[in-house]
Amino acid sequence: MGNKASGKGKKDPTILTDEDLTKLKLNTQYTEEEIQAWHTGFLKDCPSGKLDKKQFLNVYKKFYPEGKADKYCNFVFKAFDTDNNNWIDFTEFLYAVGVSQHGNLEEKLKMAFDIYDQNKDGQINRKDMIKIIEAMYDLANEEDRTGDKAPDKRVDLIMQRLNKDKADVILRHEFIQGCLRDELLRKILAPNTALIPGGQTSPITTTTNVPMNTITTTTTTTTINETGAAV
Ligand SMILES: [Ca+2]
Ligand SMILES: [Ca+2]
């Protein structure tokens, strides 16, 4: 086995290497033909092979003309950009789409965790969580942030239910186990559910015809109100 693509960032992002293909076949349910087709579409929208934050944000903005998408978009972008190089390459992109389309609940929750865990150290704290709740409110154009809707109140509730050992941070397995056993938590925390109130679809990019809600997937069919919070 060669390791020609091991030097990440050095390889040509427009090229789908054998290594990429193998990885994607292993980690998604797409066939080789499907992967190739996605790749062609991806390059049409992103000829450089790089989906950058600006482009990503433009899609979100179109989708949420009333809301302020910037913050939330940043969270999602960072979660998709698993190697932290500030652009989404094709493998990162298709992995995210794959989880959205075919992932089981646990895989989707893992992705939700990644959205919360912005510094990628495998844990989320109160501050992280408050930020994302605020970003969700922005996205939904929620003005009322008082009483039960206050982000810190909401986070109190989450921490209470999620954080059984009362530590300051929530680890990945705590998050996943907590959301799996607690539907209310899932409603609040699975941001991909909250992201698409009403379950609209929209192209993530103009020509790849990836429905937005396959990228930002619905984790469950739970009902979410306009604030992105559990009803
Ligand atoms: Ca990247
Ligand atoms: Ca973290």
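Which residues are buried in H5? In this predicted model, the buried residues of H5 are Phe90, Thr91, Phe93, Leu94, Tyr95, Ala96, Val97, Gly98, Val99 and Ser100.

## Overall composition

The model is predicted. The protein chain contains 12 helices and 4 strands. Of its 231 residues, 37% count as buried. Among contacts in the chain with a separation of 6 or more, 67% join residues 24 or more positions apart.

## Helix H5

Helix H5 covers residues 90-102. With 13 residues, H5 reaches 17 Å from its first C-alpha to its last, close to the 18 Å expected at 1.5 Å a residue. Because 10 of the 13 residues of H5 are buried, this helix is largely enclosed by the rest of the structure.

Leu94 is one of the buried residues of H5. Leaving aside residues up to four places away in sequence, Leu94 touches Leu24, Thr28, Ile35 and Trp38.

## The nonpolar core

The largest nonpolar core has 52 residues. The members that touch the most other members are Tyr72, Val76, Phe93, Leu94, Ala112 and Met136. Helix H7 (residues 126-140) supplies the largest share of this core, 8 residues. In soluble globular proteins, nonpolar side chains tend to be buried together.

## Helix H7 and the residue after it

H7 has 15 residues, and the distance from its first C-alpha to its last is 21 Å, close to the 21 Å expected at 1.5 Å a residue. Its buried residues are Met129, Ile132, Ile133, Ala135, Met136, Tyr137, Leu139 and Ala140. Met136 also appears among the core members that touch the most others.

Just after H7, Asn141 takes a positive phi of about 60°. Asn141 belongs to the loop between H7 and helix H8 (151-162). Asn141 has 13 other C-beta atoms within 10 Å and is therefore partly exposed.

## The crossing of H4 and H6

Helix H4 (residues 70-80) and helix H6 (residues 105-116) have axes that come within 8 Å and cross at roughly 115°. The crossing of H4 past H6 is right-handed. On the H4 side the contact is made by Phe75, Val76 and Ala79, and on the H6 side by Met111, Asp114 and Ile115. These residues divide into 5 nonpolar, no polar and 1 charged.

Val76 of H4 takes part in this contact and is also listed among the best-connected members of the largest nonpolar core, those that touch the most other members.

## Phe113

Phe113 lies in helix H6. How many other C-beta atoms lie within 10 Å of Phe113? There are 24, so Phe113 is buried. Not counting residues up to four places away in sequence, Phe113 touches Arg172, Phe175 and Ile176.

The C-alpha atoms of Phe113 and Ala79 are 8.7 Å apart, while the two residues are 34 residues apart along the chain. Ala79 is one of the H4 residues that make the contact with H6.

## Positive phi at Lys120 and Asn141

Most residues other than glycine have a negative phi. Lys120 is not a glycine, yet has a positive phi of about 55°. Lys120 sits in the loop between H6 and strand E3 (123-125). With 12 other C-beta atoms within 10 Å, Lys120 is exposed.

Asn141, described above with H7, is likewise not a glycine and has a positive phi of about 60°. Where Lys120 is exposed, Asn141 is partly exposed.

Technical notes. Residues numbered from 1 in each chain as written. Chains lettered and ligands numbered in written order. Predicted model: local features only at pLDDT ≥ 70, side-chain atom pairs only at ≥ 80, totals over all residues. Helix = DSSP H or I, 4+ residues; strand = E, 2+ residues; numbered from the N terminus. Buried ≥ 20, exposed ≤ 12 C-beta atoms within 10 Å, placed from the backbone. Contact = placed C-beta atoms within 7 Å. Core = buried A, V, L, I, M, F, W, Y, C linked by C-beta atoms within 7 Å. Axes fitted to C-alpha atoms, helices over the stretch in contact; angles between N-to-C directions. Left-handed = near helix turned anticlockwise from the far one by under 90°. Nonpolar A, V, L, I, M, F, W, Y, C, P; charged D, E, K, R; others polar. Expected span 1.5 Å × (residues − 1).
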